[in-house]
Amino acid sequence: MLSAAMPVIPIHALEDPRVAPYRNLKDRELAAQGGLFLAEGEHLVRRLLASGLRTHSLLVAQRVLDRVVPITPDQVPIYVVSDALMTGIMGFKFHSGLMAAGVRPDRPTIGSVMESATRPGQHAGVTLLVCPQVINHDNLGALIRIAAAFGVDAMLLGERSCDPYWRRSVRVSMGAIFTLPVIRSSDIAADLQRLRDDWQVELIATVTDADAQPLSQARRPSLPGAPDRLAILVGSESQGLSADHIAMCQRRVTIPMHLGTDSLNIAVATAVMLFHFCTRPG
């Protein structure tokens, strides 16, 4: 049943300006035009609506309208289209018939995240995932989902990392980007130094060096009496961590491998690392 306040608006023309955010716009253009991002499919739309982030609008095929109305706040406009018009707007046949345009939240900062994570009454440990340079949107989306799954407090992205709100990252994250704090750094080296000096966070470099500490021997924290605060650094897909970033870390940890394997996919390696540090006792 429709609420009297709910704006359910039929759209009949491809050129209608109200559906411009959905009309084959590039992610960069969406970000520039009001700080928007897109969530595709019913699963992601439901998670967006439940997340507390602001939803700009929904684009809905007539056939799924009855499922969407009960979960949509009254103030969010629902633009209803035929399947044919949905295909014209999207530029391809979109089977789920449901999209949402969300508004990017204010960016968290290192200070706001650490103050929240270390205030009295919070859990004892703090875990951050640091990605100085992840440039593949699928990989970044997977890392966000993995970090959320293992209870990471926040992610810190370097200035060369890709945008976590691009459509592919949002989709692969399965909506975890809506709730996990993701910090976009403008100076990753300075932020890492702040974590070490201001909040006594232990920085751990994940590497493939044979002389690094095997993961099975790694504990949190490494020094008796030190705060249980870790920042786990993972490198770029092709080059790993830079020498400068490794030099800033107090520890280097590696996953021993067999049969001549020299590395793992970044998402797989990160999942192994986070499983170890987030689910095992110190």
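Here are a few questions and answers about this predicted model.

Q: Why is threonine 254 called buried?
A: Buried means under 20% relative accessible area. Threonine 254 has 7% relative accessibility, so it counts as buried.

Q: What makes the link between threonine 254 and valine 207 a polar contact?
A: A polar contact needs a pair of N or O atoms within 3.5 Å, one able to donate a hydrogen and the other to accept it. Here the backbone oxygen of valine 207 lies 2.8 Å from a polar atom of the threonine 254 side chain, so the distance falls within that cut-off. Leaving aside neighbours within four places in sequence, threonine 254 also touches residues including Thr208, Asp209 and Met273.

Q: How do you know that strand 10 and strand 12 pair?
A: Pairing takes at least two bridges. Strands 10 and 12 run parallel and are joined by 2 bridges, so they qualify. Proline 214 stands opposite threonine 254 in strand 12.

Q: What makes strand 8 and strand 10 edge strands?
A: They belong to an open sheet of 7 strands, in the order 8-7-6-11-9-12-10. Strand 8 (182-184) and strand 10 (213-214) each pair on one side only.

Q: Why is strand 2 described as largely enclosed?
A: In strand 2 (residues 36-40), 5 of the 5 residues are buried, so the rest of the structure largely encloses it. Both faces are covered, with Leu36, Leu38 and Glu40 on one side and Phe37 and Ala39 on the other.

Q: In which sense do strand 2 and strand 5 pair?
A: Strand 2 pairs with strand 5 (residues 98-103) in the antiparallel sense, over 5 bridges. Glutamate 40 stands opposite methionine 99 there.

How values were computed
Residues numbered from 1 in each chain as written. Predicted model: local features only at pLDDT ≥ 70, side-chain atom pairs only at ≥ 80, totals over all residues. Heavy atoms only, no water. Buried < 20%, exposed > 50% of the residue type's maximum accessible area, 1.4 Å probe, protein only. Helix = DSSP H or I, 4+ residues; strand = E, 2+ residues; numbered from the N terminus. Contact = heavy atoms within 4.5 Å.
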